[in-house]
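Trainee: I am new to this structure and would be grateful for a close look at a single part of it. Please choose one element, set out what surrounds it, and then relate it to the rest.

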Amino acid sequence: MISVQQLTKRFGTQTAVDALSFEIPTGQIVGFLGPNGAGKSTTLKMLTGMLEPTGGTATICGFDLRNEPLEVKRHVGFVPESGAVFESLTGLEYLEMVAALYAIPEDAARVRIRQFIAFFDLSFETLTDKLLGAYSKGMRRKVVITAALLHNPEVVFFDEPLDGLDANAAVGFKALIQTLAREGKTIVYSSHILDVVERVCERVIIIDKGRMLVDGRPDALVAAHGAATLERLFTQLTGGEELERKAEDFAKTFRP
Amino acid sequence: MRQPAAIPPLLPAPVAGRSSNRSQGQVLRRLFLTLFLRGRTARGLRKDTAPKSVGSKLGLVLVLYAAFGLMTLVFRHQPVFVFSLYLHGMTMVFLGMFVASSAGEVLFNAEEPDILMHRPIEPKALL
């Protein structure tokens, strides 16, 4: 479903993504992890056609990212980390605008939007009367997730999707992506909340400085590296243990 | 705490040939006009209190321009050079403000790519 070959992105002399290669089959939920600045968001932006790769290529649903970017975009959904929306539209106006961009008939779009409103426990009055600028972060995130799934994409990229969601919405969301995967959707899930990734994803890819560090099943990777949890493995691989020691030393400076 | 509602059923796969009633160009033009009318950031506003008419907004702009234009009456007994200096000065001020606000809102809007660039929009429709 997703085939990435030697994907590279350079900004001037800085290499953000360095010859990344991996394959993701249909119906798999893959955790895409890395510390800040590792190149996760840049990779996702390349795979969704927002950034042009400097080198390498990728095919998604059989469409080449370089030669058929519009076809790729038709088949993917993306929840960006920023959760950006047009603040001066109402939630309903925003979702209808997105549906129209995917050429979804208006009646089908309305039905679909109502299903998501019920799922996310949103009030229809809020969605029709209030402008998005007045929504809470969590409500706005629900609208962005709905906008990413409205056109029934075969591949969905989530970049920090739980940011701002309350506990109930997060539980529902996790169940939703597991159901989507069972129905044959391919999910790429980028997050810093590693215990959620460990529970939801059947495979994780950890990158740092644009390069792949490990790729495999979370339990197998944890066992192979002798780590207790995925979080421990992550800190082992990305130099987080040193930061932990620094934090302890820094905290000691507060002692009277 | 309330439990989340049932997971929405999956949509059937998109059917080729079926389309929305509006073209992408129409959708984006309507979006542009709405954002022009209401402003790009409208924190705290409700839809019913947001401006509704492009005509009334343009009218307000024209009234503002007319007010600044009428200030030229102050120069009616002054030399023509001073009068033209004022007119040119005001033109430059308005032009500068327009360019600065447009650049801030349209050219350098960092969030807009996150909303539109991953959607299957034909480049000519975006233009």
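Mentor: A crossing of two helices is called left-handed if the near helix is turned anticlockwise from the far one by less than a right angle, and right-handed if clockwise. Helices (H or I, at least four residues) and strands (E, at least two) are DSSP runs, numbered from the N terminus. The model is predicted, and local features need pLDDT of at least 70, side-chain atom pairs pLDDT 80 or more, while totals for chains, interfaces and linings use all residues. Residues are numbered from 1 along each chain as its sequence is written, and chains are lettered from A and ligands numbered from 1 in the order in which they are written.

The part I have chosen is helix 3 of chain A, which spans residues 91–101. Helix 3 of chain A is mostly covered, since 9 of its 11 residues are buried (20 or more other C-beta atoms, placed from the backbone, within 10 Å of the residue's own; exposed means 12 or fewer, partly exposed in between). The buried residues of helix 3 of chain A are G91(A), Y94(A), L95(A), E96(A), M97(A), V98(A), A99(A), A100(A) and L101(A). Their cover includes helix 4 (106–119), helix 5 (124–129) and helix 6 of chain A, together with helix 1 (24–38) of chain B. Just after helix 3 of chain A, A103(A) takes a positive phi of about 60°.

Two of these neighbours deserve separate treatment. Within chain A, helix 3 packs with helix 6 (residues 137–149) at an angle of about 20°, their axes 9 Å apart (axes are lines fitted to C-alpha atoms, for helices over the stretch in contact, with angles from 0 to 180 degrees between N-to-C directions). Helix 3 of chain A is therefore roughly parallel to helix 6 of chain A (angles under 35 degrees; over 145 is roughly antiparallel, 65 to 115 roughly perpendicular, the rest oblique). Their crossing is right-handed. On the side of helix 3 of chain A, G91(A), Y94(A), L95(A) and V98(A) meet V143(A), T146(A) and A147(A) of helix 6 of chain A (contact means C-beta atoms, placed from the backbone, within 7 Å). By class, that contact of helix 3 with helix 6 of chain A has 5 nonpolar, 2 polar and no charged residues (Ala, Val, Leu, Ile, Met, Phe, Trp, Tyr, Cys and Pro are nonpolar; Asp, Glu, Lys and Arg charged; the others, Gly among them, polar).

The second neighbour belongs to the other chain. Chain B has 5 helices and 0 strands, and 11% of its 127 residues count as buried. The axes of helix 3 of chain A and helix 1 of chain B come within 9 Å and cross at roughly 155°. This angle makes helix 3 of chain A roughly antiparallel to helix 1 of chain B. Here the crossing is left-handed. The contact joins M97(A), A100(A) and L101(A) of helix 3 of chain A to Q24(B), V27(B) and L31(B) of helix 1 of chain B. By class, the contact of helix 3 of chain A with helix 1 of chain B has 5 nonpolar, 1 polar and no charged residues.

Y94(A) also leads into the interior. The largest nonpolar core (buried Ala, Val, Leu, Ile, Met, Phe, Trp, Tyr and Cys residues joined through C-beta atoms within 7 Å) has 87 residues, and V30(A), Y94(A), I187(A) and Y189(A) have the most contacts inside it. In soluble globular proteins, nonpolar side chains tend to be buried together. Beyond four places in sequence, Y189(A) touches residues including V30(A), F32(A), F158(A) and V197(A).

For comparison, consider another pair of helices in chain A. The axes of helix 10 (residues 230–238) and helix 11 (residues 240–252) of chain A come within 5 Å and cross at roughly 95°. These two helices of chain A, 10 and 11, are therefore roughly perpendicular to each other. Their contact is made by F234(A), T235(A), Q236(A) and T238(A) of helix 10 and G240(A), E241(A) and E244(A) of helix 11 of chain A. By class, the contact of helix 10 with helix 11 of chain A has 1 nonpolar, 4 polar and 2 charged residues. E248(A) is also found in helix 11 of chain A, and E248(A) is exposed, with 9 other C-beta atoms within 10 Å.

Methods:
Contact = placed C-beta atoms within 7 Å.
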